[in-house]
Amino acid sequence: MKGGAKEKIVGILVVLATLLIGGSFWTGSIIAQEFESGIKRAAEHGFEIELMDYQRGIFGATAQTMVTFTLPTGEKIKIPFLHTVKHGPIPTLFVAGRIHSDPDLQEEQLAQITKAFDGNPFDGNPPPALDTTIGWGGNITTVAAVDKLLFRGKPDTGTARTFEFQNLRVTGGLSAKEETLDTEINVEAHKIIVGGETKDVIETPKLTILLENIDARSVKTVVQDMLKSTDDTVAEEPKEILKDIDEDKAALKKYVSAILLRRPVLSINNVYARWSEGVVTGNFRLVYVGDGNPDTLSDTSVSADLKLEMPRALVTRQLSSQVSEEIAEELEDGEENDVDIKKETSDEVNKQLAKMIQEGSLIEKGTTLTVDAHLSNGELTLNGKPHPIKDLLNLGLSVLPLDVLLDFGLLPF
């Protein structure tokens, strides 16, 4: 090869190397700025997070943050996170950067968590790390994965329950469109084991939650107010506290109105879970279509769609649990010996199911029951026929696992 050709090749390689290193360094500068800006924005939203250190290199960086969490007991705990940032050369070509974050739990902090959750939720395994990808368009995706996660249900809801999540993976995405935000959360696991009086195994559960058209500025203010500490008001006079509450209500109404005017959408898609009785699948979508005034919220302010398919045997078991408890509560002391609760429960469950199928609230297809509901302009169509809205509410109260929802604190009663 002639000298001139060699020089050209070397020159091209030098230019490419310069572009890669220079591009990585430039990207690293942007990532560093966004990392620090993200910390500040989180603090502005009311989250307690502090940047302790950020060391930047050519193709990456290391950082440390201190995050304060509030445990279920109300006690606060500070947990340091160690971050590894990569921004070149390959990430420069495809994404702006990648961040790997590990919680650096110490013995004392783990003891606090174990006490608050009535047991070590990680079951001796390392706490989940976070992997975040930052796209060139500003989109952010974060993945958290953990081999095992344990929770104990609230003891005041009856029999104490344990929930064991195996190979749990949560993927969250955030994208900005001018002044609105869209979020997508995908949740999946290998299985969920529910322990209590009986053991229940739910295999390969998954779902996708979508929040669209969320007003960014209003959400920021509302979340900030919700997370604001009340320590400053402890020493105030009662009249001043009541005055602040009234003012907050007016402000909250203003922000809620701004959120509603964006026509937010909530979707729960691709619901799938395999119970011992069979597979449950479903989709749900709720859209605000009102005028933005919180005072005029009504059935006509939203449109909704729901599709659900579930094994009849599973619905029967859920109904049996509820009906059995109701019958036992109605009996007076000593009457349990004179009443066959199991037979009474079976008769009542069969009666309720037959009524819901006859009225068209449920459609029977072989061994499964299906629901296809549409709400528009305040009118409900349930399985192709008009129904009063209360029929859908009653149906939900009948077939949903309310005891599990209560254990997770997902119901306000």
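**Strands, rings and a helix crossing**

Visitor: Let's kick off with Asn270: what does this residue count as, going by relative accessibility?
Guide: Keep in mind that this is a predicted model. The relative accessibility of Asn270 is 47%. Buried would need under 20% and exposed over 50%, so Asn270 counts as partly exposed.

Visitor: And where does Asn270 lie, and what is its phi?
Guide: Asn270 belongs to strand S11, residues 265–275. Most residues other than glycine have a negative phi. Asn270 isn't a glycine, yet its phi is positive, at about 55 degrees.

Visitor: Which strand holds Asn167, and what is the phi of Asn167 near?
Guide: You'll find Asn167 in strand S7. Asn167 has a relative accessibility of 43%, so it counts as partly exposed. This residue is another non-glycine with a positive phi, near 50 degrees.

Visitor: Now the rings: how are Phe151 and Phe165 arranged?
Guide: Searching the whole structure turns up 3 aromatic pairs. For Phe151 and Phe165, the ring centres are 6.4 Å apart and the planes sit at 80 degrees. Planes over 60 degrees apart fall in one class, so this pair is edge-to-face.

Visitor: How many residues apart in sequence are the parts that this pair ties together?
Guide: Phe151 sits in strand S6 (residues 140–152), while Phe165 sits in strand S7 (residues 162–177). The pair therefore ties together parts whose separation in sequence is 14 residues.

Visitor: Phe165, buried or exposed?
Guide: Its partner Phe151 has a relative accessible area of 28%, so Phe151 is partly exposed. Phe165 comes in at 13%. The cut-off for buried is under 20%, so Phe165 is buried.

Visitor: Which residues do ring pairs link into a cluster?
Guide: We've already met the pair of Phe151 and Phe165. Ring pairs make a cluster of Phe117, Phe151 and Phe165.

Visitor: On to the helices: how do H6 and H7 lie to each other?
Guide: The axes of H6 (residues 312–330) and H7 (residues 341–359) come within 9 Å and cross at roughly 125 degrees. The crossing of H6 past H7 is right-handed. Roughly perpendicular stops at 115 degrees and roughly antiparallel needs over 145, so H6 and H7 are oblique.

Visitor: How many nonpolar residues does the contact of H6 with H7 have?
Guide: On the H6 side, the contact includes Val315, Leu319, Val323 and Ile327. Among those from H7 are Ile341, Val349, Leu353 and Met356. Next to 5 polar and 3 charged residues, the nonpolar count is 9.

Conventions
Residues numbered from 1 in each chain as written. Predicted model: local features only at pLDDT ≥ 70, side-chain atom pairs only at ≥ 80, totals over all residues. Heavy atoms only, no water. Axes fitted to C-alpha atoms, helices over the stretch in contact; angles between N-to-C directions. Helix = DSSP H or I, 4+ residues; strand = E, 2+ residues; numbered from the N terminus. Parallel < 35°, antiparallel > 145°, perpendicular 65-115°, else oblique. Left-handed = near helix turned anticlockwise from the far one by under 90°. Contact = heavy atoms within 4.5 Å. Nonpolar A, V, L, I, M, F, W, Y, C, P; charged D, E, K, R; others polar. Phe/Tyr/Trp six-rings, centres within 6.5 Å; stacked < 30°, edge-to-face > 60°. Buried < 20%, exposed > 50% of the residue type's maximum accessible area, 1.4 Å probe, protein only.
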